[in-house]
Amino acid sequence: MSVTTTTARNSRGIQTEGRTPEELRELVSHWGAELELAPAEVIIEWAAATFGERFCVTSSMGDAALAHLASTVVPGI
């Protein structure tokens, strides 16, 4: 497991409720850089843990791979 993957998994669940839009942009900017080389599954785990029920995945009918992957990582998404 890479350092990025370990860092991402250890940092899941960062509280986002009640944060300002600017604080959320900074959070996503920071973690975007941290997770740049992480496997897609780790990124999805981090996003679901960080944003909870506010996290969603959307796709078109022609691009179902991400939605399928997300549903295997976070069942019920």
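Is Trp46 buried or exposed? In this predicted model, Trp46 has a relative accessibility of 5% and therefore counts as buried. The cut-off for a buried residue is under 20%.

Trp46 belongs to helix H3, which covers residues 40-51. This helix has 12 residues. From the first C-alpha to the last, H3 reaches 16 Å, close to the 16 Å expected at 1.5 Å a residue. Several other H3 residues are buried alongside Trp46: Val42, Ile44, Ala47, Ala48, Thr50 and Phe51. Gly52 follows the helix, and its phi is positive, near 55 degrees.

The aromatic pair count comes to one. The partners are Trp31 and Trp46. Their ring centres lie 6.0 Å apart, with 35 degrees between the planes. The pair is classed as tilted, because an angle that is neither under 30 degrees nor over 60 falls in that class. Trp31 lies in helix H2 (residues 21-34) and Trp46 in helix H3, so the pair ties together parts that are 15 residues apart in sequence. Trp31 has a relative accessibility of 8% and so counts as buried.

The chain as a whole holds four helices and zero strands. From the N terminus on, the order of elements is α-α-α-α. Of the 77 residues in the chain, 22% are buried. Among contacts with a separation of 6 or more, 59% come from residues 24 or more positions apart. The accessible surface of the chain is about 5200 Å². Carbon and sulfur atoms account for 56% of that surface.

Note on methods: Residues numbered from 1 in each chain as written. Predicted model: local features only at pLDDT ≥ 70, side-chain atom pairs only at ≥ 80, totals over all residues. Heavy atoms only, no water. Helix = DSSP H or I, 4+ residues; strand = E, 2+ residues; numbered from the N terminus. Expected span 1.5 Å × (residues − 1). Buried < 20%, exposed > 50% of the residue type's maximum accessible area, 1.4 Å probe, protein only. Phe/Tyr/Trp six-rings, centres within 6.5 Å; stacked < 30°, edge-to-face > 60°. Contact = heavy atoms within 4.5 Å. Areas by Shrake-Rupley, 256 points an atom, 1.4 Å probe, with all protein chains shown as cover.
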